[in-house]
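Please look through the sequence and the model shown here before reading the points that follow. They concern pairs of oppositely charged side chains and where their partners sit.

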Amino acid sequence: MRRARVTGLAAAAAAATALSVLGGGVASAATGPGQTPQQQAANRAAGTAGTEAGNPLSSAATAAGVCADAAQIGTTEYIYRGTEKIASVKQFYSAQCDENYGYVWVWKSFLDKNIDFDLTVGVWSYERNALVGRKDVFGTHSQEFWGNAAKTVDECTSGDGTMSIPDDPQQLHTRTSKRC
């Protein structure tokens, strides 16, 4: 009995060590690691300002109804105009609200060109083959865009962003990694 207990404790310790080294496991579209203490501090320090990393406390996030605990899940992808990187696209997940959000941050180097553009942001649902939580903005020159809340946490999803620039022949689009 004593030997089995020691072995069980050793196995539990080994599992805890593996989790601390590997993280909490593979996150699905409905889960994520949450904000790190460093991210929480950075978001609080930014206050209501938007950030490239995605501040769920920003005034744009608050206006879109983003929950304060939202944290990025999946990859960051980029929208290119030719070879120029002009925006980043991300997907966020809130455990508190059980919602996903699309996010687009337009880079200052593009904004400095004073070109108005149309933008669409949301969460792509592979099950629905549709953009959920879609938000469209027309004739804008803003930098930070949050999609509306997407009740897609039980689905495979990606963050999705599209920019349309006057006189450009086609829309510029990207999607983050698929999360299931």
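1. In this predicted model, Arg134 is a partly exposed residue, its relative accessibility being 47%. Its partner is Asp136, and the two side chains meet in a salt bridge with a distance of 2.9 Å from N to O. Asp136 is likewise given as partly exposed, with 32% relative accessible area.

2. A second pair joins Asp160 and Arg175, whose side chains form a salt bridge at 2.8 Å, again taken from N to O. This pair links distant parts of the chain, since Asp160 belongs to strand β7 (residues 157–164) and Arg175 to strand β8 (residues 172–175), with the two positions 15 residues apart in sequence numbering. As for accessibility, Asp160 is buried, with a relative accessible area of 3%, whereas Arg175 is partly exposed at 28%.

3. A third pair is made by Lys113 and Glu84, which form a salt bridge in which the closest N and O atoms are 2.9 Å apart. Lys113 lies in the loop between α4 (108–111) and β4 (117–125), while Glu84 is in strand β2 (residues 84–94), so the salt bridge ties together parts that are 29 residues apart in sequence. Lys113 itself counts as partly exposed, with a relative accessibility of 41%.

4. How many salt bridges does the count come to? The count comes to 8 salt bridges, and those described above, including the one between Asp160 and Arg175, are among them. As a general remark, side chains of opposite charge can pair when their charged atoms come close.

Definitions and conventions: Residues numbered from 1 in each chain as written. Predicted model: local features only at pLDDT ≥ 70, side-chain atom pairs only at ≥ 80, totals over all residues. Heavy atoms only, no water. Salt bridge = Lys/Arg side-chain N within 4 Å of Asp/Glu carboxyl O. Helix = DSSP H or I, 4+ residues; strand = E, 2+ residues; numbered from the N terminus. Buried < 20%, exposed > 50% of the residue type's maximum accessible area, 1.4 Å probe, protein only.
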